[in-house]
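Colleague: I am new to this structure and would be grateful for a close look at one part of it, namely the salt bridges. Which side chains take part, and where do they lie?

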Amino acid sequence: MAKLVANSRESLTKGELNELRAAGKVPAVLYGYNVENTSVTVDEVEFIKLIRKIGRNGVIDLELDGKTVQAMVNEYQFESLKNRVDHIDFIAINMDEERTVEVSVVTVGEAAGEKEGGVVEQPNFVVEVTARPADIPEELEVNVEALEIGDSITVGDIRDKFSFTIENEDDTTLAMVSVPQEEVEEDAEDSEEAAEEAPAEESSEDEE
């Protein structure tokens, strides 16, 4: 399990918090199962390394004041203009208690329909998953290799393949292979041309 060191901190002014961030530390709070709300700081570089390693829903051994608390990242704020993590909410968890979280959906493999010019599309990029913390996947992989043009994969198609529960409805589409946009546009143009030619043919009949 991934480890991260946290240090307790007092309430700080806005200026002091900015000094803290400038020094490479991120202000954070810890709350949840069997802990009191605690203000802490963590090293920004170490936190980013950890998130890249275990993902958004990974379980962390948070070392604080000589004790280890099993926690997850409930939320974190990233300041894009300053390119830094501004704040983190850690939630202490019960490893035996199920949680519902959002998990990213990723497609794997090359769809059979792509070889015929089809395009793989993802109508939904996240699903809600309920599981014990240790069983929450980093991402939900959807294999699209068997999909022909016009085929799709829904939650109902894969629900029984996993040990965790997917909370979305069965008809939620996760991946589909569509007709290339160029062909759709060509069909539309052909229809328009046919519609424009039809009145001209009728006129010539009337003249006769």
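Modeller: The count of salt bridges comes to five in this predicted model. One of them joins the side chains of Arg-21 and Asp-86, with 3.7 Å from N to O. Arg-21 belongs to helix H1 (residues 14–22) and Asp-86 to strand S6 (residues 84–92), so this pair ties together parts that are 65 residues apart in sequence. Arg-21 counts as buried because its relative accessibility is 15%, under the 20% limit. Asp-86, with a relative accessible area of 14%, is buried as well. These two residues are also linked with Arg-84 in a network of salt bridges.

A further salt bridge is formed by the side chains of Asp-43 and Lys-25, at 3.5 Å from N to O. Here strand S3 (residues 38–43) holds Asp-43 and strand S2 (residues 25–32) holds Lys-25, and the pair therefore ties together parts that are 18 residues apart in sequence. Asp-43 is partly exposed at 25% relative accessibility, and Lys-25 is likewise partly exposed, its relative accessible area being 31%.

Within a single helix, Lys-49 forms a salt bridge with Glu-46, and their closest N and O atoms are 3.8 Å apart. Both residues lie in helix H2 (residues 44–54), where three residues, about one turn of the helix, separate them. Glu-46 has a relative accessible area of 39% and is thus partly exposed.

Key: Residues are numbered from 1 along each chain as its sequence is written. This is a predicted model: local features need pLDDT of at least 70, side-chain atom pairs count only at pLDDT 80 or more; totals for chains, interfaces and linings use all residues. Side-chain values use heavy atoms; hydrogens and water are left out. A salt bridge is a side-chain nitrogen of Lys or Arg within 4 Å of a carboxyl oxygen of Asp or Glu. Helices (H or I, at least four residues) and strands (E, at least two) are DSSP runs, numbered from the N terminus. Buried means under 20% relative accessible area, exposed over 50%, partly exposed in between (1.4 Å probe, protein chains only).
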